[in-house]
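Subject: Structure for your review

Dear colleague,

Please find below the structure that I am handing over to you. My notes on what was found in it follow directly after.

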Amino acid sequence: MTPTPSSSAYPSAFAAVDLGATSGRVILGRVGPDRLDLTEAHRFPNTPVRLPDGLRWDVLALFQGVLDGLRAAARSGPVASIGVDSWAVDYGLLDADGALLGQPHHYRDERTTGAAERVWASVGREELYGITGLQHLPFNTVFQLASAAGSVQLGAARTMLLIPDLLVHWLTGAVGAEETNASTTGLFDARTGTWSGELLNRLALDPGLLPPLRSPGDRAGSLLPHVAAYTGLAALTPVTTVASHDTASAVVAVPAARPDFAYISCGTWSLAGLELDAPVLTEESRAANFTNERGVDGTIRYLRNIMGMWLLEECRRTWDKEGLPDHLPTLLAEAARSAPFASVVDPDAPEFLAPGDMPARIRDFCARTGQPVPGSQGAVVRCVLESLALAHRRTLRQAADLAGRDITRVHIVGGGSRNELLCQLTADATGLPVVAGPTEATALGNILVQARATGLVGDLAAMRELVASTQHLRRYTPRGDSVVWDAAAARLDTAPRNS
């Protein structure tokens with residue numbers, strides 16, 4: 001991040017509350033005609049808690065981290081607005097008095113096992129996709145609600161708020177649902193951009209659970225008096241609705257100048273796809289498991305979730321517990337020296353979803369599919385990164401084919417854009433030039449939507465132009481022979497899974 005300019009140059013800052021799966025941050029952004037500067041005011045951990053009834057988010061600790069972050073932000077000077085983004089699908093339930101009914105479940109909790117089949121018994125898979133356009137993931141909100149059917153908690157609930165909407169509610173007292181995040185629930189109509197009354201009726205869900213929709217740029221409310229007093233922020237500081245699904249905010253900050261681009265928002269997940277004007281709701285799209293999620297200004301994020309850097313993060317956690325080296329630059333250097341294409345895995349195989357001993361699972365996958373078992377840490381990392389590059393290639397090629405769109409370049413944003421080996425492998429695999437950066441795409445998108453709401457920046461193209469002219473970007477040119485990538489993909493596709 002660049003240093004903060006003097007307060008005389010930019011008298012007010014925008015505060016982005018950006019919550020990820022392992023940590024949360026409050027980022028200050030100052031926006032001008034030729035400047036877009038970020039500073040980190042506060043960072044805090046996001047540590048799930050396993051309770052007797054499952055894996056939960058410690059949302060109270062998260063909210064305290066947000067408050068402390070805003071307090072730190074206030075010490076830097078006036079704050080013009082606040083915006084909140086986070087991961088998707090998870091939610092809190094409020095009772096009739098507005099009290100939270102327990103800590104929200106974590107999407108990686110196993111309670112949704114079998115829930116999709118119960119939903120499909122009421123609304124078939126094809127029909128559900130035809131309404132929502134949503135990729136099947138076992139933890140989609142609609143399946144989480146199905147797993148809670150008949151519970152005392154859901155019976156007592158009067159309002160469901162997705163995680164960023166819950167935090168906005170605690171900051172302002174206002175109740176609403178931001179549309180980019182609402183579109184990930186499996187309860188949202190991809191064509192109309194509204195909650196689907198038909199689905200709610202078919203699934204016997206109370207329509208009153210779902211709050212009114214809000215769009216990025218809408219004013220959600222102002223800080224409650226006790227929040228302003230604790231943080232030291234001015235009374236009535238506005239909270240602006242941003243693209244509260246972190247991927248939607250990240251896509252705002254993709255520094256693309258032309259429409260023929262693909263993006264990969266690369267972090268714990270790799271969200272790889274295209275920006276379209278209308279959803280693709282064909283049977284071919286459903287069978288390929290692509291999702292149609294809302295973006296800013298009515299755009300469609302046509303993409304597929306890939307189990308991204310999660311595999312590497314879990315490997316490092318396991319190695320740390322075992323007392324083995326887990327320094328990322330060292331591991332990446334060792335991976336670069338390791339033999340290419342020794343083994344590849346399917347990053348989206350179900351055995352890789354839950355936390356645990358990821359190196360053992362990768363070795364087991366390779367053994368079961370008749371491939372060499374990675375023997376060193378570097379070989380494991382090489383396997384992970386080449387497998388992700390193959391998944392990026394497969395997903396973007398399918399997206400282009402299904403949407404009838406040509407792609408001339410790939411933009412990688414988010415934390416994964418710092419991984420030079422992954423970026424080069426993705427360029428090699430796709431045969432397309434890769435532009436890597438910005439790393440802080442989610443915070444930038446959050447702040448840019450706030451700045452636009454105050455008239456400091458223009459439309460989506462203008463926001464992206466500002467990102468391109470102010471942020472550090474790296475470019476990677478494809479190299480090597482595409483035949484070796486074809487062979488690796490074919491080997492994975494034809495590997496015997498039950499050997």
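This is a predicted model. The protein chain has a mean pLDDT of 94, and 97% of its residues reach 70 or more. The exception to note is residues 2–8, where the pLDDT is below 50 and where the model has 11 contacts beyond near neighbours in sequence. Where pLDDT is low, the predicted coordinates should not be read in detail.

Overall form

The protein chain comprises 19 helices and 21 strands. Its radius of gyration is 22 Å, which agrees with the value near 23 Å that a compact globule of 499 residues would have. The C-alpha trace spans about 60 × 55 × 50 Å along its principal axes. Of the 499 residues, 59% are buried. Among contacts with a separation of 6 or more, 73% are between residues 24 or more positions apart.

The seven-stranded sheet

An open sheet of 7 strands has the order β17-β18-β16-β15-β19-β20-β21, with mixed pairing. Strands β17 (291–294) and β21 (474–476) stand at its edges; each has a single partner strand, so one side of each is left without a neighbour in the sheet. From one strand to the next, the twist averages 30°. As a general point, strands of a sheet pair through backbone hydrogen bonds, either parallel or antiparallel.

Both senses of pairing can be seen at β15. This strand (residues 261–266) pairs with β19 (residues 409–413) in the parallel sense over 5 bridges. Within that pairing, Tyr263 has His411 as its bridge partner, and Ser265 stands opposite Val413. With β16, strand β15 pairs in the antiparallel sense over 4 bridges, and Cys266 has Ser270 as its bridge partner there. The two strands β15 and β16 form a hairpin, with 3 residues between them.

How well is β15 covered? The strand is mostly covered, with 6 of its 6 residues buried. Phe261, Tyr263 and Ser265 point one way from the strand, while Ala262, Ile264 and Cys266 point the other way, and all are buried. Helix α15 (residues 377–403) lies across β15, β16 (270–276), β18 (300–306) and β19, and runs at about 150° to β18.

Strands β1 and β6

Elsewhere in the chain, strand β1 (residues 13–19) runs parallel to β6, and 6 bridges join the two. Ala16 has Gly83 in β6 as its bridge partner. Strand β6 (residues 79–85) is mostly covered, since 6 of its 7 residues are buried.

Cysteines

How many disulfides does the model contain? The count comes to 0. Two cysteines illustrate this point. The sulfur of Cys266 has its closest cysteine sulfur in Cys423, at 7.4 Å, which is too far for a bond. Cys266, at the end of β15, is buried with a relative accessible area of 2%. For Cys366, the closest cysteine sulfur is in Cys383, at 4.4 Å, and this too is beyond the 2.5 Å cut-off for a disulfide. Cys366 is likewise buried, with a relative accessible area of 0%.

Backbone geometry

Most residues other than glycine have a negative phi, and most peptide bonds are trans. Three places in the model may interest you in this respect.

- The peptide bond from Gly437 to Pro438 is cis, with omega near 5°. Pro438 lies in the loop between β20 (434–436) and α17 (441–453).
- Ala204 is not a glycine, yet has a positive phi of about 55°. This residue is in the loop between α8 (197–202) and β12 (213–214), and counts as exposed at 70% relative accessibility.
- Asn289, also not a glycine, has a positive phi of about 65°. The loop that holds Asn289 connects α11 (283–287) and β17. With a relative accessible area of 24%, Asn289 is partly exposed.

Yours sincerely,

A colleague

Terms used:
Residues numbered from 1 in each chain as written. Predicted model: local features only at pLDDT ≥ 70, side-chain atom pairs only at ≥ 80, totals over all residues. Heavy atoms only, no water. pLDDT = per-residue confidence, 0-100. Contact = heavy atoms within 4.5 Å. Pairing = 2+ DSSP bridges. Axes fitted to C-alpha atoms, helices over the stretch in contact; angles between N-to-C directions. Buried < 20%, exposed > 50% of the residue type's maximum accessible area, 1.4 Å probe, protein only. Rg over C-alpha atoms; globule rule 2.2 N^0.38 Å.
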